[in-house]
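Open the model in your viewer and keep the sequence panel visible. This tour goes from one pair of residues out to the sheet, then to a helix, and ends with the whole chain.

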Amino acid sequence: MNSFELFRSRCDSKAQVHIDRTRRFCLSLGDSVVESVRAHRIVYGKGMTMRWFVDVCPGEDSTTIKIQQGRRDEPLIVVIPYKDDISAVFPQIKTAYCTLH
């Protein structure tokens, strides 16, 4: 079992929906997307330097998404309850990915 699947298996089924949809979206952005599974969250970056553009952290009843628009900018933090559609943040994630060099 790879680290993503192990991480996923430890999450609530409602969290798994958010994690899976976000993962599919982030990996679809391009071949340069790198996934890094951490203890309590998953970070997506771009390229070998792993400049991160989104941080996904499942919680008890919601997913916290941190989106890094630029190196000097404070990350945008969005909390999405499991009952809500996670794809609402996908446009901001795509913009963050596209702005990284």
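**Start at one pair**

Select Gly45 and Trp52: Gly45 stands opposite Trp52, which is in strand 3. Keep in mind that this is a predicted model.

Now extend the selection to residues 42-46, which form strand 2, and residues 51-58, which form strand 3. In which sense do strand 2 and strand 3 pair? The pairing is antiparallel and runs over five bridges. Strands of a sheet pair through backbone hydrogen bonds, either parallel or antiparallel.

**The sheet**

Next, show the full sheet. Five strands make up this open sheet, in the order 1-2-3-4-5, with antiparallel pairing. To find the edges, select residues 33-37 for strand 1 and residues 76-81 for strand 5; each of these edge strands pairs on one side only. On average, neighbouring strands of the sheet are turned by 20 degrees against each other, direction ignored.

**The helix on the sheet**

Select residues 13-28, which are helix 2. Which strands does helix 2 touch? Helix 2 packs on the sheet and touches strand 1, strand 2, strand 3, strand 4 (62-67) and strand 5. The direction of helix 2 makes about 165 degrees with that of strand 3.

Within helix 2, pick Ala15. Is Ala15 buried or exposed? Ala15 has a relative accessible area of 2%, and buried means under 20%, so Ala15 is buried. Apart from neighbours within four places in sequence, Ala15 is in contact with Pro58 and Tyr82. For a distance check, select the C-alpha atoms of Ala15 and Ser87: they are separated by 14 Å, and the two residues are 72 residues apart along the chain.

Then move to His18, also placed in helix 2. His18 counts as buried, at 2% relative accessibility. Leaving out residues up to four places away in sequence, His18 touches Thr63, Ile80, Pro81, Tyr82, Asp84 and Ile86.

**The whole chain**

Finally, clear the selection and colour by secondary structure. The protein has three helices and five strands, and from the N terminus on the elements run α-α-β-β-β-β-β-α. The radius of gyration is 13 Å, close to the 13 Å that the globule rule gives for 101 residues, so the protein is as compact as a globular protein of that length. The C-alpha trace spans about 35 × 30 × 20 Å along its principal axes.

Switch on the surface last. The accessible surface comes to about 6100 Å², of which 51% belongs to carbon and sulfur atoms. Of the 101 residues in the protein, 40% are buried.

Methods
Residues numbered from 1 in each chain as written. Predicted model: local features only at pLDDT ≥ 70, side-chain atom pairs only at ≥ 80, totals over all residues. Heavy atoms only, no water. Pairing = 2+ DSSP bridges. Helix = DSSP H or I, 4+ residues; strand = E, 2+ residues; numbered from the N terminus. Axes fitted to C-alpha atoms, helices over the stretch in contact; angles between N-to-C directions. Contact = heavy atoms within 4.5 Å. Buried < 20%, exposed > 50% of the residue type's maximum accessible area, 1.4 Å probe, protein only. Rg over C-alpha atoms; globule rule 2.2 N^0.38 Å. Areas by Shrake-Rupley, 256 points an atom, 1.4 Å probe, with all protein chains shown as cover.
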